[in-house]
Amino acid sequence: MPDSHTRADLPKAVLYSWPVSVWCSVPRLALVEKGYGSEEIIIKAVDISKGDQFSTAFLRLNPHGTVPTLVVPLERSLGPDEESQFRALRDSVTITDFIDSSRSPLSKTNTTSSAPAPSLSPATIEGSNISKAIISLLHDSKGADPNFLKRSARTPAELQAGKAVNTALFANRQEAIEASLSEQPEGVTSKLRTFLEGRSESNKVSLDIWSKGAESVHAKEFMESSKTLWEVTLPDTFKKLDELIIGPFCLGDQLSVADLHLAAWLARAVSVCGGTAKAEDVEKVEEKIGLQEFKIGQKVKMFWAAMIVRPSFKAVYPGGVLH
Ligand SMILES: N[C@@H](CCC(=O)N[C@@H](CS)C(=O)NCC(=O)O)C(=O)O
């Protein structure tokens, strides 16, 4: 191979991410667990609070307009006419699996440690089934969506408490969606325009709810679905998790990808309830759910205590501040 084609010359993978995004935390935890060096991957910020995910440039990479998104160069040829093409991975499950499989147990880490990278994929069929069940439970669109947990309100008082932050958030997003829509040719139907119009409609509803509070025509339905989220879906998810987790980690002693999804999801739940990265703070979720009969199970508690002390967790949640 000519000198000009050393590995250092190859384009790097780019992780489009936002520091306080729940699902971006999963590949970020994986990068630390696998021992990737900070120079091996470029992390680019997509400010989802300002609506950067709706820019036409980002939507070309990920038409769903979500982070994380990982763009990986594909080596086409090693000759002098070497041409790299790119592939975009568009959700945290695929991205985290890719980060895991791109570094085998035999690879030595570049900078952060000289230990072999551990495999995070389940080693047995039973493990794989548990892992799939946990990951689909946490990512279920009808489940306890961690982003809905952050922006839900069961009562007019909760709507009032979130008013300033969420009105600014959805107003920024509306502006970004409309800026991208204005770049689209008038009257020409395209997937991009249809996507942006759909987002504009749902975003307007959120803006109306948070800016008008209990006066919004959508407020009653929103508070009811928030109540279902907190009092039915969330307790049910915790119960299922406690049944699925082997302990202390999802599949036993060995850390796996499911743990990274669970860590990010649980960190969000604890943070929404005012907790930080302390073992006892998981109980704050119990208090906020506020149902006499609901208790967080022992397996979930054990998992949380084991996860928060890991260097990967400390790197993604510096100072124990959760998001
Ligand atoms: N299933 C996707 C969900 C990604 C997702 O919802 N990301 C959020 C941040 S955690 C996002 O980009 N939100 C921006 C928006 O919905 O406009 C995954 O696992 O990556």
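**The ligand and its pocket in a predicted model**

The shell of residues around the ligand consists of six nonpolar, six polar and three charged residues. The structure is a predicted model, and the description below starts at the ligand and proceeds outward to the pocket and the loops.

Of the 15 residues around the ligand, those that come nearest are S21, Q53, T66, V67 and S92. Three of these residues can be followed through individual polar contacts. The side chain of Q53 places an N or O atom 2.8 Å from an oxygen atom of the ligand. In the side chain of S92, an N or O atom lies 2.7 Å from a ligand oxygen atom. At V67 the partner belongs to the backbone: a polar backbone atom of V67 is 2.8 Å from a nitrogen atom of the ligand. On its own the ligand has 510 Å² of accessible area, and the protein covers 81% of it.

V67 also takes part in a feature of the chain itself. A cis peptide bond joins V67 to P68, with omega at about 5 degrees. P68 belongs to the loop between α2 (56–61) and β3 (69–75). Thus V67, among the residues that come nearest to the ligand, is also joined to P68 by a cis peptide bond.

The view may now be widened from the ligand to the space that holds it. Which pocket does the ligand take up? The space taken by the ligand is the largest pocket. This pocket has a volume of about 1600 Å³. Its lining comprises 49 residues, of which D145, N147, F148, R151 and R173 are the closest to the centre of the pocket. Two or more lining residues come from each of α3 (92–101), α4 (125–139), α5 (146–150), α7 (163–182), α8 (191–212), α9 (219–244) and α10 (257–272). Among these elements, α8 gives the most to the lining, with seven residues. Sorted by class, the lining of the largest pocket holds 23 nonpolar, 15 polar and 11 charged residues.

Two of the helices that contribute to this lining, α9 and α10, lead to a further cis peptide bond. The loop between α9 and α10 contains P248. G247 and P248 are joined by a cis peptide bond whose omega is about -5 degrees.

How values were computed:
Residues numbered from 1 in each chain as written. Predicted model: local features only at pLDDT ≥ 70, side-chain atom pairs only at ≥ 80, totals over all residues. Heavy atoms only, no water. 1 Å grid on protein atoms, 1.4 Å probe; cavity = no way out; pocket = protein on both sides within 12 Å on 5 of 7 lines; lining within 4 Å. Points joined across faces, edges and corners; volume = space filled by probe spheres on them. Helix = DSSP H or I, 4+ residues; strand = E, 2+ residues; numbered from the N terminus. Nonpolar A, V, L, I, M, F, W, Y, C, P; charged D, E, K, R; others polar. Near = heavy atom within 4 Å. Polar contact = N/O pair within 3.5 Å; in protein donor to acceptor, adjacent residues only side chain to side chain. Areas by Shrake-Rupley, 256 points an atom, 1.4 Å probe, with all protein chains shown as cover. Sits in = over half its atoms within 2 Å of the grid points.
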